[in-house]
Amino acid sequence: TGKEVWPKGDEKVWKAGMRGVDQDVSDITKSFVNHVQTSLARQAYNLDNLGAYQAAALSVRDSLLVNWNETQLNYTRKTPKRAYYLSLEFLMGRTLDNALLNLGLKDKYRKGIEALGFNMEDILEKERDAALGNGGLGRLAACYLDSGASQELPLWGYGLRYQYGIFQQLISPEGNQLEAPDPWLENQNPWELPRLDVTYEVRFYGQAERNQDGNGRATWTGGQEVLAVAYDVMIPGYKTKTTNNLRLWESRPKRGFDLNSFNAGNYEGAVESSNSAAAITSVLYPNDSTTFGKELRLKQQYFWTAASLQDILRRFKNTGKPIAEFPDCKILNSMASTHLSDDPSDAAIQLNDTHPTLAIPELMRILIDEEELSWDEAWKIVNNTFFYTNHTVLPEALEKWPVPLVEHVLPRHMQIIYDINLYFLQAVEKKFPGDRDRLARMSLIEEGYPKQVRMAHLACIGSRKVNGVAELHSDLVKTTILKDFVEFEGVSKFGNVTNGVTPRRWLDQCNVELSDLITKTLKVDKNVWLKDLTKLEGLLPFAENKKFREQWAAIKQRNKERLAHHVQSTLGLTVRTDAMFDVQIKRLHEYKRQTLNILGVIHRYLTLKGMSPAERKKSNRKVVFFAGKAAPAYYIAKLTIRLIVNVARVINADPDTKDYLQLYFLPDYSVSLAEVLIPASDISQHISTAGTEASGTSNMKFCLNGGLLLGTVDGANIEIAEEVGESNVFFFGHLTPAVEDLRYQHTYHPVPIEQKCPGLAKVLDQVSAGLFGDGAPYEPLLNTIRQGDYYLLTDDFDSYIAALAMVDEAYLDRDEWIKKSIRTTAKMGKFSSDRAILEYAESYWNLEPTSIA
Ligand code: Z2T
């Protein structure tokens, strides 16, 4: 009823003061000018593009807030089951353009801004990326939030508000990666809402004493207490009022400083504890696929899961709902019961990899020690609440925490983990009596010095369901790292949800012209196909239409020019646009094999050098782009960057070849750089050793934008080929089942590289010999291939070169190439993150869309 919403005064007066999204241009300019004057304290004559961006952002934020408030109120009233996405990373990129498009206000804002003497594109460029993530895992979380809101799901994200995001990458004159901090909050952030009233206390260290009465409870006291403060980020859905929330926690000292020390004259000691509290959310760890094992990272993980769970439980208690299976549970139900739902749980919590796994023992602790449930009751709730997504099967990326460290930082949780392990292993022993090896393999604790807690095992047994992120990867999860768990718990607990990407950002926003052409061609409103991406299939017949092909190709050409312009203005380099654009952009990692790509480029260069000028004239012109960051401590990955940069220096300066081959390493890869690179690509490379890339998501983005795929039979590449047809992708290399045996051969029957792969040996020799500057620094990199070759470059090089030749060949028939490009885009419907998030909602969370009436 109206009274609940507007408890004070006249409802009409309230409503008249509210800014909805149906604004006209004059409302927009008024709000803009108002923010210039009163929020920014600036005036028309001294307003630069940055100021104009800020004023526009503040104005858009007002609109978002209206929808956000309405959405949250609606959830509070309807008390639907909610889902929570716990992720240590949210790689959001820029917000203004996305918000304008989702609100459907971009054209009006453009008009308003132009009337005030500004240019929309210049203003959008002023926004800094929110880069609170490393790569695919963090960007996936961002796409899922977009889709969750667009599909009107009651889905919140929980993460950390790092002061510093992923480091900025600089390239030294020698070609080395240097890291600089990313102080992204320097200019105030208009997209967040500090919630200084939403705070929780989080404890570290101290003592955990088991109670005497043997009920399994314990009391945890002492140690360090810090405060978690909420910052809310609005997540607008596409063409819906639904505006969800991403809650990021900031750590603060519980009290300003320690008064006792201060009064005793120990000023440094007094601020020390407050500094250490603030340090928890200071910086994102920059490792993507290796673990780091640092105490501060463990504290980040616990701080974030503890604050999020307190918040989730408080919200749940406020609904007054009992927990369906425990109607007598005294404290959880103390708010008076309204109804019993059929669903065993009222909240679903998705664990984005094992990073939030401490939520499992933490919820046990709360339910047992604070809510006084029995162990079995608590475990049942935990088991109904959590869902775990695995993102890698690489052994070095599986999280393990030393037992002594966990014992020190989280003494009560270590007890609970031991208890979980005890009950669990008892059950395993019952099912497989006397199988000691199995018990050792499955234990939550890995023996050794020190003992370690295996987080993937804990996440698996504590969750209702476990999933991988592409078909092949999910099969590998079941047959390798969690094989024993499938045998013990049954295969139905293990599933697959193939990743997806949001077509709003990754087509409509980054490739405006293509989006417009698609809308015109499909003859449906753009909101229709952007929310049901399978509609793209309607483009298929137009592959046969010459005029359409010309329009399609012209857009690709203009996107290349836009990229060339970007490189010119940021790096001062001139990129030729009458060439095929070949792109590999992703984190630097041996398994992703950027090294294979650069060695292929050198091979191409040497081949071109060996040709007569007349022969050369017949070859395909190509520009190769790389971008990506290496983990700061990843020596081999950094050497790969150095090699790429120095090869580029030589190739681009060689008058014999520079018309046929150019090479660029674009520094400081980011979401906003991807938005310029992806629409410009003719071909992109996804060439991981088979079985190592869980899914990949940029492969989907390139194909959505009509770029063809050159890749191995790995991750989501396989499903992309299934959709678009094998004739429209370029596959090469050994398949997953061969990998294990090949590695065995490398170890026990090594064949010298000169014999096994002479083409590659020649390339390595040229690098060693100093063709790209002193070869000595590259020896450790080259030796990873000459010896051991764990990622199978010597096995795949020849078929890689053959695949590249097929790409050249196919590109010669430009008309056929454009047909492939159109067919590829047309068949990408499956890879919308809308499809993925709805799979989670339906098959995992039991969550229904809740629209705002
Ligand atoms: C990451 O980005 C991915 C996996 C990780 O395993 C960690 C990080 Cl930071 C712990 C990537 C996968 O490598 C990629 O294949 C996948 O597409 C992406 O996660 C999203 O699932």
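## Overall size and fold

For a chain of 853 residues, a compact globule would be expected to have a radius of gyration near 29 Å, and the protein chain, at 28 Å, agrees with that. The model is a predicted one. Along the principal axes, the C-alpha atoms of the protein chain fill a box of roughly 90 × 75 × 65 Å.

The secondary structure of the protein chain consists of 36 helices and 24 strands. Of the 853 residues, 48% are buried. When contacts in the protein chain between residues at least 6 apart in sequence are considered, 75% of them join residues at least 24 apart.

## Surroundings of the ligand

The ligand is surrounded by 19 residues. The closest of these are G136, L137, H391, T392 and S695. By class, the shell around the ligand holds eleven polar, five nonpolar and three charged residues.

Which helix gives the most to the shell around the ligand? That is helix α8, residues 136-150, with three residues.

## Helices α12 and α15

Helix α12 covers residues 359-370 and helix α15 covers residues 411-431. The two pack at an angle of about 100°, and their axes are 9 Å apart. Angles from 65 to 115 degrees count as roughly perpendicular, so α12 is roughly perpendicular to α15.

On the α12 side, the residues in the contact are P361, E362, M364 and R365. They meet R412, H413, I416 and I417 in α15. The contact of α12 with α15 divides into four nonpolar, three charged and one polar residue.

## A306 in helix α11

A306 is found in helix α11, which covers residues 295-319. Is A306 buried or exposed? A306 has 26 C-beta neighbours inside 10 Å and therefore counts as buried.

Setting aside residues up to four places away in sequence, A306 touches V202 and E362. E362 is also one of the α12 residues that meet α15. A306 and K15 are 291 residues apart along the chain, and their C-alpha atoms are separated by 38 Å.

## Helices α23 and α35

A second helix pair is formed by α23, residues 546-571, and α35, residues 814-826. Their axes are 10 Å apart and the packing angle is about 80°. The pair α23 and α35 is therefore roughly perpendicular.

From α23, the residues R549, W552 and A553 take part in the contact. Their partners in α35 are D815, I818, K819, S821 and I822. By class, the contact of α23 with α35 has four nonpolar, three charged and one polar residue.

## Helix α17 and the cis peptide bond

Helix α17, residues 455-462, is mostly covered, with eight of its eight residues buried. The buried residues in α17 are M455, A456, H457, L458, A459, C460, I461 and G462.

The peptide bond from Y449 to P450 is cis, with omega near 0°. P450 lies in the loop between strand β15 (445-446) and strand β16 (452-454).

## Loop residues

Two residues that are not glycines have a positive phi: A41, at about 55°, and D789, at about 45°. A41 lies in the loop between α3 (25-39) and α4 (49-78), while D789 is found in the loop between α33 (779-786) and α34 (793-812). A41 has 7 C-beta neighbours inside 10 Å and so counts as exposed. D789 has 20 such neighbours inside 10 Å and so counts as buried; the cut-off for a buried residue is 20 or more.

F118 is in the loop between α6 (106-115) and α7 (120-124). Because F118 has 21 C-beta neighbours inside 10 Å, F118 counts as buried. Which residues is F118 in contact with, leaving aside its neighbours within four places in sequence? They are N49, A52, I113 and I123. F118 and Y53 are 65 residues apart in sequence, and their C-alpha atoms are 9.6 Å apart in space.

Methods:
Residues are numbered from 1 along each chain as its sequence is written. This is a predicted model: local features need pLDDT of at least 70, side-chain atom pairs count only at pLDDT 80 or more; totals for chains, interfaces and linings use all residues. Axes are lines fitted to C-alpha atoms, for helices over the stretch in contact, and angles run from 0 to 180 degrees between N-to-C directions. Helices (H or I, at least four residues) and strands (E, at least two) are DSSP runs, numbered from the N terminus. Angles under 35 degrees count as roughly parallel, over 145 as roughly antiparallel, 65 to 115 as roughly perpendicular and the rest as oblique. Two residues are in contact if their C-beta atoms, placed from the backbone, lie within 7 Å. Ala, Val, Leu, Ile, Met, Phe, Trp, Tyr, Cys and Pro count as nonpolar, Asp, Glu, Lys and Arg as charged, and the others, Gly among them, as polar. The radius of gyration is taken over C-alpha atoms; the globule rule is 2.2 Å times the number of residues to the power 0.38. A residue is buried if 20 or more other C-beta atoms lie within 10 Å of its own, exposed if 12 or fewer, and partly exposed in between; C-beta atoms are placed from the backbone. A residue is near a molecule or strand if its C-beta atom, placed from the backbone, lies within 6 Å of it.
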